[in-house]
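This report goes through selected features of the model shown below. It takes up backbone geometry, chain shape, one helix and one strand in turn.

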Amino acid sequence: MPIPFAARKTAFALTVLTSSLALLTTACTGQSSSGASDDASANTTINFWHAWSAPNEVKAVNALIAGFEKAHPNIHVNVVSNMTDDKINQALRSGGDKAPDVISSFTTNNVGKFCSSGALVDLNPFFKKSGIDPETTFPKAMNEYTQYDGNRCTAPLLGDAYGLYYNKTAFKKAGITSPPKTWTEFQADAKKLTITQGDGYKQLGFMPDYHGWETTTEHYAAQFSPTYFTSDGKSNIAKDPAFTEAFTLQKNLVDGLGGFQKLEKYRATLGDEWGDKHPFQTGQVAMQLDGEWRLGMALATKPKFDIGVAPLPVPDDQVAQYGKGYITGTIAGIAATSKKQNAAWEFVKYITTDTDAVVNFSNAIHNVPSTLAALKSPKLKYDPRFKTFLDIAANPNSTTSPASINGGVYLATIQNFGYDYESGKVKNLKSGLEATAQQIDTDIAQAK
Amino acid sequence: MSTITLASKRRRSALRTAAFMSPWLIGFSVFFAYPMLSTVYFSFMHYDGFRPPTWSGTKNWTYVFEHYPYFWPALRNTLWLVLVTVTLRVLFGLAIGLLITKIKTGTGVFRTLFYLPYLAPPVAATMAFAFLLNPGTGPVNSILEKIGIPAPGWFNDPAWSKPALTLLFLWGVGDLMVIFMAALLDVPKEQYEAAELDGASGWQRFRFVTLPNISPIIMFAVVTGVIAAMQCYTQPLIAGKVASGVIQGAGTQFEPGYPEKSTLTLPQLIYNLGFQRFDYGSACVVALVLFALSMVFTAFLMRRRGGLIQAGD
């Protein structure tokens, strides 16, 4: 039966009206103000979202908060744990009473996105108001990854430093007396430590594949002190020889240790990164590029060999810089939608700059302290081997990957090129790097 | 006077019609028209959820079609899943349904055995498959190697990852088996008897009696299967993550479609662009492409067969 004309007109009008209202409403939402006019000395409650989830970590966060509440009895902290970046990002956009006033994230790569979008407020005025100079408070690399384009919208809340773990017992058996300091020594040691068995390995010297968990493109590249972007914000990976050298090194390792297919087949048989069957812990892999947390995890499994820790090797022509490494870490920031930004700042200031708070937190979760004072604190408790990571964090030659307007998209693009290059899908490194640089520039232009 | 009364009657009639239609109109406006119009609107805007949307013309469309390196592989994978997986699932579901309606004993046991996998949660089922098909330690490859058959890389090999996904979808074919069984049992027995009296062979009975009777159900299975395949997100994502060994958590990068983008689907791109990159405009472009594809497939299937329309009559 045909619908009467009047009814059709009404239906159309209703649809258009609903859609128009909805569109108008949508167009007016999602904005935030950054005015900090609340009284930090008044009684108040702030929401703090963080990503830690393991029981010991949650306990450590609660202890950190207890310390803050003792020092600031008027500010109560309502804490929410196990929050991924996706959830944090969505909550920062929605705002509201239950949304976080303070967030912490493991993903330093997202700092550029947090700062450029205005999701988190610029902390520079707060630091200035409190008389704290971030340049002299935090290590150099941590200072870099907590800001974007002059906007310091985050502060470091403990850090991660990457170094080399090695099986001392396997080293002794192979006649190697000390950890490698250069990549040339490293390649020779990796081959010496490799024991083949059938079409696999009884022991692999080193798992170089980019899927080998922490053997990512940025972790390799850090040892070559790369410059990711030119001064005008364009990708520099095709021009900076550091990238060519890093990709070449990894490819040589892959080819030298049995080839991509053989290594990938072996990798599929190995345990996962966070479980007890991690191949370094089981002795299947003799050297491992990893963060400071691996030491505690490996010791907890009571391995049948001695664990050695050292900085990652450097290029042969940079021996003077041996001791540097890749630095990243957890960050904390204040939501632009928060109406309690001054109270939130008191909390952020305490957890990121109070030396004792940082030291106690570091002691509890075995991450690297994120202030220069805490790195030197006599109250730090650690296994002597952990000192290697403290030194890497404090090393002025240590580097990080810079913040970008679209977060870690450029790193994912480089990593994806790495997969294609190591597998042999892309053979020409130079043209591959040029295409990757072009893709990075296009992605950044799209995000602006 | 009579004109006024007539006009008034018409107005009242129109209002009454609108009032009766209002539940549908509201539902249609809120759940279809508004999201649809919004998606079109945002596909021409630059919007990250914080700053006000700004007009960007066709920039998002150009980016997705020409510069976003994951779009075309994801489109190809989605089409592959639609064509291959849906076809095989319908054929396999029909074959199992036929088999179970024919056997005399143990029907209940077989019905349960074939239906149970469908109840397995997709994440758990995918992880179990990734474990079974692990090229290094999985029992499937161990058996294949023992009997001298070359063992594929399954989820670790770009050439085998989609066939491995298809195996997973075939394993969970219980939903189709149930509806095909119901349709097969609903075919009038007299038609089979008449065909037998006419000397029809088994194939002829299937071709000229069974198939015409169950064609609306086949059409239903194909259309819903196509839509489900185009929305496929969980299984390829989990399979890729588990096989790559890199669990995407806080602090790690999005790795699209391990291995070599072979498990990437359009819904994964919508999530990545929209809720990880917060490039809502480009996410809307991909969503519209997915919508257009669904419409094309549905229109094509409906026109070719018309099974559902006949059934509705």
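In this predicted model, B:Pro259 lies in helix α12 (residues 257-261) of chain B. The peptide bond that leads from B:Tyr258 into B:Pro259 is cis, and its omega is near -5 degrees. Most peptide bonds are trans, and most residues other than glycine have a negative phi.

Chain A supplies two residues with positive phi. A:Trp213 sits in the loop between β6 (200-206) and α10 (217-222) of chain A; its phi is near 65 degrees, and it is not a glycine. A:Trp213 counts as buried because 26 C-beta neighbours lie inside 10 Å, against a cut-off of 20 or more. A:Ser225 is found in the loop between α10 and α11 (241-256) of chain A. Its phi is positive too, at about 50 degrees, although A:Ser225 is not a glycine. With 16 other C-beta atoms within 10 Å, A:Ser225 is partly exposed.

**Chain B overall**

Chain B contains 15 helices and two strands. Its radius of gyration is 25 Å, whereas the globule rule gives 20 Å for 313 residues; the value is well over the rule, so chain B is more spread out than a compact globule. Along the principal axes, the C-alpha atoms of chain B fill a box of roughly 85 × 65 × 30 Å. Of the 313 residues in chain B, 35% are buried. Among contacts in chain B between residues at least 6 apart in sequence, 69% join residues at least 24 apart.

**Confidence in chain A**

The average pLDDT of chain A is 89, and 92% of the residues score at least 70. Residues 1-34 of chain A stay under 50 in pLDDT, and the model has 46 contacts beyond four places in sequence for them.

**Helix α2 of chain A**

Helix α2 of chain A covers residues 55-71, which is 17 residues. From its first C-alpha to its last it reaches 25 Å, close to the 24 Å expected at 1.5 Å a residue. Which residues of α2(A) are buried? They are A:Ala60, A:Val61, A:Leu64, A:Ile65 and A:Phe68. Seen down the axis of α2(A), these buried residues fall within an arc of 135 degrees, so they line one face of the helix. The cover over the buried residues of α2(A) includes β2 (75-80), α15 (341-353) and α16 (355-365) of chain A. On the other side of α2(A), the exposed residues are A:Pro55, A:Asn56, A:Ala66 and A:Lys70.

**Strand β4 of chain A**

Strand β4 of chain A runs over residues 155-167. Since 13 of its 13 residues are buried, β4(A) is largely enclosed by the rest of the structure. The table gives pairings of this strand.

| Partner of β4(A) | Sense | Bridges | Opposite residues |
|---|---|---|---|
| β9(A), residues 327-334 | antiparallel | five bridges | A:Ala161 and A:Ile327 |
| β7(A), residues 285-291 | antiparallel | five bridges | A:Leu164 and A:Leu289 |
| β8(A), residues 307-310 | antiparallel | four bridges | A:Asn167 and A:Ile307 |

In the table, A:Ala161 stands opposite A:Ile327 of β9(A), A:Leu164 has A:Leu289 of β7(A) as its bridge partner, and A:Asn167 stands opposite A:Ile307 of β8(A). In a regular strand the side chains alternate between the two faces of the sheet.

Definitions and conventions. Residues are numbered from 1 along each chain as its sequence is written. Chains are lettered from A and ligands numbered from 1 in the order in which they are written. This is a predicted model: local features need pLDDT of at least 70, side-chain atom pairs count only at pLDDT 80 or more; totals for chains, interfaces and linings use all residues. The expected span of a helix is 1.5 Å times one less than its number of residues. A residue is buried if 20 or more other C-beta atoms lie within 10 Å of its own, exposed if 12 or fewer, and partly exposed in between; C-beta atoms are placed from the backbone. The arc is that of the directions from the helix axis to the C-beta atoms. Two residues are in contact if their C-beta atoms, placed from the backbone, lie within 7 Å. pLDDT is the predictor's confidence in each residue, from 0 to 100. Two strands pair if DSSP finds at least two bridges between them. The radius of gyration is taken over C-alpha atoms; the globule rule is 2.2 Å times the number of residues to the power 0.38.
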